[in-house]
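Student: Hey, got a minute to go through this one with me? I'd like to start on the surface and then work inwards.

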Amino acid sequence: GYVHMIGRSHGGLKQSYFTHYVGDLRAVNNGLLDTFFLKSLDTIDVDTDLEGRNCSLARRVSPGGKPEIDFGCGGGHNPSYREGYDRVIRCLGWVFEDRLFEDAVKPTLNRDLGLLGGKYPALTESYESVNVKNLYFAGTLSHAHDYKRSAGGFVHGFRYTARALYRLLRLSHQGVRWESQRELGSTAARSVALALQRRFQSSSGLYQMFGELCDAVLVRDASATYMEEVPLG
């Protein structure tokens, strides 16, 4: 038997140890690369750009009765696709289901604004829809902010953005001060630097959600307030 794999982006499979993005191919799942490079009949198509050409894959039955791949963007170039297959697996991800929203409250998507991560709702820095006031998104859908950059599309990342959203709502709607906030004993640069250093060495939220969450220090006259895991805006 053999496997033919087609990546959805030009260049074939994006490997996480090159891109540093956990949504790309992880080493624990890339055993196919061994059999590909060792010439064991398995192949990886690096020419067909399913994402860039807005292609789709469908399963059809050949005249001989075997299922085979059908390209919605005009056909593949690899001669192997002329043969039938016993199994065809289509796993190109998910799309945002917006049919539950009436037109008046249907959220704008990133693709409507020409932004990366087109399938995600377009959000403000507080995880609110850009066009529907008081419509907030948490969990995987908040990955609109850090798509292809950080871990917000996965539970080890969005658990921190969900907590940040909770803190934002408490602050903006109930006037409750930012949770995980404390006063530093001094406004001196050394005191602030030591507080930052302690957080850099122990914070899992900053580690997982780099480029999305940050610690902030508010300095007023003789006081300094340290706030943890504030969304970048």
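Student: Which residues make the nonpolar surface patch of about 260 Å²?

Tutor: Leu113, Leu115 and Val130 make that patch. Keep in mind that this is a predicted model.

Student: Take Leu115, then. Where does Leu115 lie?

Tutor: In the loop that runs between β4 (67–71) and α3 (155–174).

Student: And why does Leu115 count as partly exposed?

Tutor: Because its relative accessibility is 46%, and partly exposed covers the range between 20% and 50%.

Student: Okay, zooming out. How many helices and strands does the protein have?

Tutor: Five helices and seven strands. Going from the N terminus, the order is β-α-α-β-β-β-α-β-α-α-β-β.

Student: What share of the residues is buried?

Tutor: Of the 233 residues in the protein, 38% are buried. As for the surface, about 14,100 Å² is exposed, with carbon and sulfur atoms supplying 53% of that.

Student: Now the strands at the end of that order. How do β6 and β7 run, and how many bridges join them?

Tutor: They're antiparallel, with seven bridges joining β6 (residues 213–220) to β7 (residues 223–231). Their hairpin has two residues between the strands, and Asp221 there takes a positive phi near 50°.

Student: Which residue in β7 is the bridge partner of Leu218?

Tutor: That's Thr225.

Student: Is Thr225 buried or exposed?

Tutor: Buried, because its relative accessibility is just 3%, and the cut-off for buried is under 20%.

Student: What does the side chain of Thr225 make a polar contact with?

Tutor: With the side chain of Glu183, at 3.0 Å. Setting aside neighbours within four places in sequence, Thr225 also has contacts with residues including Gln181, Arg182, Ala216 and Val217.

Student: Switching to the helices: where is Ala195?

Tutor: In helix α4, which spans residues 189–202. Ala195 counts as buried because its relative accessibility is 0%.

Student: So what does Ala195 touch, leaving out residues up to four places away in sequence?

Tutor: Arg182, Leu184 and Tyr226. Arg182 is also among the contacts of Thr225.

Student: How far is the C-alpha of Ala195 from that of Val217?

Tutor: The two C-alpha atoms are 9.6 Å apart, and the residues are separated by 22 places along the chain.

Student: Last one: of the contacts between residues at least 6 apart in sequence, what share joins residues at least 24 apart?

Tutor: For the protein, that share is 47%.

Conventions:
Residues are numbered from 1 along each chain as its sequence is written. This is a predicted model: local features need pLDDT of at least 70, side-chain atom pairs count only at pLDDT 80 or more; totals for chains, interfaces and linings use all residues. Side-chain values use heavy atoms; hydrogens and water are left out. Helices (H or I, at least four residues) and strands (E, at least two) are DSSP runs, numbered from the N terminus. Buried means under 20% relative accessible area, exposed over 50%, partly exposed in between (1.4 Å probe, protein chains only). Contact means heavy atoms within 4.5 Å. Two strands pair if DSSP finds at least two bridges between them. Patches are made of residues with over 30% relative accessible area and no salt bridge: like charges are joined within 9 Å, nonpolar side chains (Val, Leu, Ile, Met, Phe, Trp, Tyr) within 5 Å. Accessible areas come from the Shrake-Rupley method with a 1.4 Å probe; for residues, only the protein chains shown count as cover. A salt bridge is a side-chain nitrogen of Lys or Arg within 4 Å of a carboxyl oxygen of Asp or Glu. A polar contact is a pair of N or O atoms within 3.5 Å; within protein, one must be able to donate a hydrogen and the other to accept it, and residues adjacent in sequence count only if both atoms are side-chain atoms.
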